[in-house]
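The following exercises concern the structure shown below. Each task is followed by a solution that proceeds step by step.

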Amino acid sequence: MFNQEQQSRIIEMAWEDRTPFEAIENLYGLNYSQLVNFMREHISSGSFKVWRKRHGGRKTKHLKLRDPAIMRSHCKTQYKQR
């Protein structure tokens, strides 16, 4: 369904603290439950457990829970040019 580059980007976005799950859904069409299944299939079981524990209920990962003052989805230096 997704090529290797897309799979890598989805996993990266899922791990990022400030990228909301809704952004992944908008870009790749994976809702939260589909994303969980995707992650389960594409990362090791140990990494999956760590990911679930880390992002469960994290306010920055769910737009409805996010503080409205947070306007960006990434750190200011994340896409800094070298």
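**Exercise 1. Place Trp 15 in the fold and determine its exposure and its contacts.**

Solution. Step 1: Trp 15 belongs to helix 1, where helices (H or I, at least four residues) and strands (E, at least two) are DSSP runs numbered from the N terminus. The model is a predicted one, in which local features need pLDDT of at least 70 and side-chain atom pairs count only at pLDDT 80 or more, while totals for chains, interfaces and linings use all residues. Residues are numbered from 1 along each chain as its sequence is written, and side-chain values use heavy atoms, with hydrogens and water left out.

Step 2: With a relative accessible area of 26%, Trp 15 is partly exposed. The classes are buried (under 20% relative accessible area), exposed (over 50%) and partly exposed (in between), with a 1.4 Å probe and protein chains only.

Step 3: Neighbours within four places in sequence are left aside, and Trp 15 is then in contact (heavy atoms within 4.5 Å) with Met 39, Ile 43, Ser 47, Val 50, Trp 51, Arg 54 and His 55. For one of these, Trp 51, the separation along the chain is 36 residues, and the C-alpha atoms of Trp 15 and Trp 51 are separated by 7.0 Å.

**Exercise 2. Describe the overall composition of the protein.**

Solution. Step 1: The protein contains 4 helices and 0 strands, and its elements run α-α-α-α from the N terminus on.

Step 2: Of the 82 residues in the protein, 29% are buried.

Step 3: Consider the contacts between residues at least 6 apart in sequence; 60% of them join residues at least 24 apart.

**Exercise 3. Characterise the packing of helix 1 with helix 3.**

Solution. Step 1: Two packed helices are described by the angle between their axes and the distance between the axes. For helix 1 (residues 4–15) and helix 3 (residues 32–42), the axes come within 11 Å and cross at roughly 115°. Axes are lines fitted to C-alpha atoms, for helices over the stretch in contact, and angles run from 0 to 180 degrees between N-to-C directions.

Step 2: Helix 1 and helix 3 are therefore roughly perpendicular to each other. Angles of 65 to 115 degrees count as roughly perpendicular, under 35 as roughly parallel, over 145 as roughly antiparallel and the rest as oblique.

Step 3: On the helix 1 side, the contact involves Gln 7, Ile 10, Ile 11, Ala 14 and Trp 15; on the helix 3 side, Leu 35, Phe 38, Met 39 and His 42. These residues divide into 7 nonpolar, 2 polar and no charged. Here Ala, Val, Leu, Ile, Met, Phe, Trp, Tyr, Cys and Pro count as nonpolar, Asp, Glu, Lys and Arg as charged, and the others, Gly among them, as polar.

Step 4: Gln 7 counts as buried, at 17% relative accessibility. Not counting residues up to four places away in sequence, Gln 7 touches Phe 2, Phe 38 and His 42.

**Exercise 4. Which residues of helix 2 are buried, and what covers them?**

Solution. Step 1: In helix 2 (residues 21–28), the buried residues are Phe 21, Ile 24 and Tyr 28. They cover an arc of only 55° around the axis, which puts them on the same side of helix 2; the arc is that of the directions from the helix axis to the C-beta atoms.

Step 2: Asn 26 and Leu 27 are exposed and lie on the face of helix 2 turned away from its buried side.

Step 3: The cover over the buried residues includes helix 1, helix 3 and helix 4 (45–55).

Step 4: Phe 21 has 6% relative accessibility. Its C-alpha atom is 8.4 Å from that of Leu 35, at 14 residues apart in sequence.

Step 5: Just after helix 2, Gly 29 takes a positive phi of about 75°.

**Exercise 5. Determine how helix 3 is oriented relative to helix 4 and which residues form their contact.**

Solution. Step 1: The axes of helix 3 and helix 4 come within 9 Å and cross at roughly 150°. That makes helix 3 roughly antiparallel to helix 4.

Step 2: Helix 3 contributes Tyr 32, Leu 35, Val 36, Met 39 and Arg 40, and helix 4 contributes Phe 48, Trp 51 and Arg 52. By class, the contact has 6 nonpolar, no polar and 2 charged residues.
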